[in-house]
Amino acid sequence: MRKRTLFRLAAGTVAAGTATLAYASLIERNMFTLRRYDVPVLPADAEPLRVLHVSDLHMMPNQRRKQEWVASLAALDPDLVVVTGDNMAHPDAVPGALRALQPLLDLPGAFVFGSNDYTGPVWKNPFTYFLPEREYTHGTALPYDELRTVLTGAGWADLNNARTTLKAGGRLIELLGVDDPHIERDDYDAVAGPANPDADLSVALTHSPEPAVLDRMAADGFDLLLAGHTHGGQVCVPGYGALVTNCGLPRSMARGLHRWPGSDAWLHVSAGLGTHPTAPVRFACPPEASILTLIPR
């Protein structure tokens, strides 16, 4: 009787695990979701301004469903589009990434790159994400300059260690960005300095939301900080949240909108739209893009 009970428990556990894996890999990772947030960063009496934040596409060549969903976001008619990196996951991913982004290129936009724009993913043991210090392994080189050329050719601002201003929604917006801190390509000193007091809004971008970088952005007076990279934890525990963030950010801030501690800045971390190709699962953390409606303080 005891052996039979143990066998049933083991069989039930295996069945539950198999069903969970099937759900995470076949269903939830394709449940593309639009998040909406109101962010109080504008001057009093200012008209709202809408920012579309897209991150972590991790595009593979034949991911048509993802490409069509992202392309459909152009119908939201945002005032500004911001892309915070990790657009590709394959050497032939540029056409697919552009099928997704092309309808948005007619709008004012800006971008930074992530590690998986420069080199492709490699297989790794998922449990290594729990190690605070681990060596980053680069995969196959990716055609990031090809993607950069199309984005900048459409008029989007390349903010990899750069700073600029642009007009969007009838407002003057100052933009600052760094290249990916996760692989130590960031150079904040090259862009550092107080936010422009004549701008209606100041926005700072980074792929990986490393606290040391976010602290400097907030100290320079930037109103809104945008990042991706974390995948929101990718595999979360209901009622508990993300298990890891893959960076120095606390688990409680792995996704969504947060006030950055010790400052007036707001941080939005996108859980992103893709997954690492060797771990194509999401659980309690569906893929997402966000519309941030900026409103008066």
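Is Arg185 buried, partly exposed or exposed? Hold that thought, everyone, and we'll come to the answer among the salt bridges.

Hello, and thanks for coming. What you see above is a predicted model, so please take everything I say as a description of that model. Let me start with the overall picture.

The protein has 297 residues, and buried residues make up 50% of them. Its secondary structure consists of six helices and 14 strands. The exposed surface comes to about 13,300 Å², with 55% of that supplied by carbon and sulfur atoms. If we take the contacts with a separation of 6 or more, 73% of them are between residues 24 or more positions apart.

Now to the strands. Six of them form an open sheet, and if you walk across it you meet S1, S14, S2, S3, S4 and S5 in that order, with mixed pairing. At the edges stand S1, residues 33-42, and S5, residues 157-158; each has a single partner strand, so one side of each is left without a neighbour in the sheet. Inside this sheet, have a look at S2, residues 49-54, and S3, residues 80-83: they run parallel and are joined by four bridges. A handy place to find that pairing is His53, which stands opposite Val82 in S3.

For an antiparallel example, turn to S12, residues 256-259, and S13, residues 266-269, which pair over four bridges. Here Gly256 stands opposite Val269 in S13. The hairpin of these two strands has six residues between them, and in it Gly262 takes a positive phi near 75°.

Next, the inside of the protein. The largest nonpolar core has 30 residues, and those touching the most other members are Val54, Val70, Leu104, Trp156 and Leu273. Several elements give two or more residues to this core: S2, S3 and S14 among the strands, and H2, H3 and H5 among the helices. H3 provides the largest share, four residues. Apart from this core lies another one, of 24 residues, whose members include Leu49, Ala110, Ala157 and Leu226.

Let me zoom in on Trp156 for a moment. Leaving aside residues up to four places away in sequence, Trp156 touches Val81, Val83, Leu104, Leu105, Leu107, Pro108, Gly109, Ala110, Phe111 and Leu151.

Another residue to click on is Leu166, which sits in strand S6, residues 162-168. Leu166 counts as buried because its relative accessibility is 14%. Beyond four places away in sequence, the residues that Leu166 touches are Leu80, Gly109, Arg171, Leu172, Ile173 and Leu175. Leu166 and Ala110 are 56 residues apart in sequence, yet their C-alpha atoms are 9.6 Å apart in space.

What about disulfides? The count comes to zero. Cys236 shows us why one pair does not qualify: the closest cysteine sulfur, in Cys285, is 4.2 Å away, which is too far for a bond. Cys236 itself is buried, with a relative accessibility of 5%.

That brings us to charges. There are eight salt bridges by the count used here. One of them joins the side chains of Glu288 and Arg35, at 2.9 Å from N to O. This pair links distant parts of the chain, as Glu288 is in S14 and Arg35 is in S1, 253 residues apart. The two partners sit in different surroundings: Glu288 is buried at 1% relative accessibility, whereas Arg35 is partly exposed at 24%.

A second salt bridge runs between Asp145 and Arg148, with the closest N and O atoms 3.2 Å apart. Both of these residues lie in helix H5, three residues apart, about one turn of the helix. Asp145 is partly exposed, at 44% relative accessibility.

And now back to my opening question. Arg185 forms a salt bridge with Asp179, and the closest N and O atoms are 3.0 Å apart. In this pair Asp179 is buried, at 4% relative accessibility. Arg185, on the other hand, counts as partly exposed, since its relative accessibility is 36%. Elsewhere, salt bridges that share partners join Asp145, Arg148 and Asp158 into one network.

That's my tour. Thank you for listening, and do have a look around the model yourselves.

Conventions
Residues are numbered from 1 along each chain as its sequence is written. This is a predicted model: local features need pLDDT of at least 70, side-chain atom pairs count only at pLDDT 80 or more; totals for chains, interfaces and linings use all residues. Side-chain values use heavy atoms; hydrogens and water are left out. Buried means under 20% relative accessible area, exposed over 50%, partly exposed in between (1.4 Å probe, protein chains only). Contact means heavy atoms within 4.5 Å. Two strands pair if DSSP finds at least two bridges between them. Accessible areas come from the Shrake-Rupley method with a 1.4 Å probe; for residues, only the protein chains shown count as cover. A disulfide is a pair of cysteine sulfur atoms within 2.5 Å. A nonpolar core is a set of buried Ala, Val, Leu, Ile, Met, Phe, Trp, Tyr and Cys residues joined through side-chain atoms within 4.5 Å. A salt bridge is a side-chain nitrogen of Lys or Arg within 4 Å of a carboxyl oxygen of Asp or Glu.
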